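Subject: Structure handover

Hello,

Here is the structure I promised to pass on. Please open it alongside this email.

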Amino acid sequence: MRILITGASSGIGREVALALAADPGHQVLALARRSEPLEALAQEAINRYGRTAISWREFDLTSSDDSILLEAVAGLGGIDILLNNAGLLINKPFEQLSDDDWQRQFDVNVFGPVRVIRLLLPWLQQSASAHIVNISSMGAFQGSSKFPGLSAYSASKAALANLTECLAEEFKDRHISVNCLALGAAQTEMLAAAFPGYQAPLSAADMGDFVAWFATHGYRFFNGKILPGSVWTQ
Ligand SMILES: NC(=O)c1ccc[n+]([C@@H]2O[C@H](COP(=O)([O-])OP(=O)(O)OC[C@H]3O[C@@H](n4cnc5c(N)ncnc54)[C@H](OP(=O)(O)O)[C@@H]3O)[C@@H](O)[C@H]2O)c1
């Protein structure tokens, strides 16, 4: 399978990329803004698996040229799985959130995935097992516990979750499955910045293994679903 993952330079995305690269049948295209960690990721896959399983491109979801993405995907001959994993979390009380904060929050978490899906649609509809996986958050899941300071983040992730259901309906005749994982806490840079001192029940590697499995197998069992990933009962 040919798999594109955004936000692969750190945290969950990095671990998903490594887990996917373990399968000799997979080619992973890793995107993020920081080239150094992406280069290190590609090298780590070579060290672990003895082959070039991960290619990478510097790509800012909010500003990079479409051609970077399109040329990289053409180089792979297409895409079977798109993992919209990259995310931004702005943690501020509601009254301190500026228009610019709201714009940046939605630019990365909603309009970025929208743009990537639109660009890749011609390729995805040529795949026999196309799967779009949008990474959302438990904080965006209806009825879940909410946290002060995360209104813009959670609202943006809720928009991404809703988009999932809409696109699953719209793409169903093209055999493209679209699902959303509303993840619970995993120990990453983002989590540490949002909840200093909190220790998550799962490591980024634990979560990465699960997301990698879901991306490559979930399309057979789910379509248009928002799946809560929390280990808590709420
Ligand atoms: N960790 C958790 O507990 C948790 C819980 C629920 C949901 N999530 C979601 O899981 C996903 C991964 O988060 P994480 O915890 O692994 O956080 P992370 O370590 O901060 O990773 C975020 C990734 O997004 C990339 N990114 C940010 N802005 C970007 C932009 N403008 N263009 C391209 N890439 C961009 C970053 O790469 P560069 O900085 O190199 O661009 C980085 O690779 C996010 O969508 C997050 O909301 C995480």
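Below are my notes on the sheet, the pocket and two single residues. Keep in mind that this is a predicted model.

The sheet

Start with the sheet. Seven strands make it up, and it is open. The order runs β3-β2-β1-β4-β5-β6-β9, with parallel pairing. At the edges sit β3 (54–58) and β9 (226–229), each of which pairs on one side only. From one strand to the next, the twist averages 20 degrees.

One pairing in detail: β2, residues 27–32, joins β3 through five bridges in the parallel sense. Within that pairing, Ala-30 has Trp-56 in β3 as its bridge partner.

Two helices that pack on the sheet are worth a look. Helix α2 (residues 35–49) touches β2 and β3. Its direction makes about 175 degrees with that of β3. Helix α7 (residues 204–217) touches five strands: β1 (2–6), β4 (81–84), β5 (130–137), β6 (176–183) and β9. The angle between the directions of α7 and β6 is about 160 degrees.

The pocket

How much space lies in the largest pocket? About 1,200 Å³. Its lining counts 49 residues. Closest to the centre are Gly-87, Leu-88, Leu-89, Tyr-153 and Met-190.

Several elements give two or more residues to this lining: α1 (11–21), β2, α4 (99–124), β5, α5 (151–171) and α6 (189–194). The largest share is from α6, with four residues. By type, the lining residues divide into 23 nonpolar, 19 polar and seven charged.

Two residues

Is Ser-136 buried or exposed? Ser-136 belongs to strand β5. Its relative accessible area is 4%, which is under the 20% cut-off, so Ser-136 counts as buried. Beyond its neighbours within four places in sequence, Ser-136 is in contact with Lys-157, Ala-161, Cys-180, Leu-181, Ala-182 and Leu-183.

Gln-96 is the other one. You will find Gln-96 in the loop between β4 and α4. Its relative accessible area is 52%, over the 50% cut-off, so Gln-96 counts as exposed. Gln-96 and Ala-204 are 108 residues apart in sequence. In space, C-alpha to C-alpha, Gln-96 and Ala-204 are 30 Å apart.

Best wishes

Note on methods:
Residues numbered from 1 in each chain as written. Predicted model: local features only at pLDDT ≥ 70, side-chain atom pairs only at ≥ 80, totals over all residues. Heavy atoms only, no water. Pairing = 2+ DSSP bridges. Axes fitted to C-alpha atoms, helices over the stretch in contact; angles between N-to-C directions. Contact = heavy atoms within 4.5 Å. 1 Å grid on protein atoms, 1.4 Å probe; cavity = no way out; pocket = protein on both sides within 12 Å on 5 of 7 lines; lining within 4 Å. Points joined across faces, edges and corners; volume = space filled by probe spheres on them. Nonpolar A, V, L, I, M, F, W, Y, C, P; charged D, E, K, R; others polar. Buried < 20%, exposed > 50% of the residue type's maximum accessible area, 1.4 Å probe, protein only.
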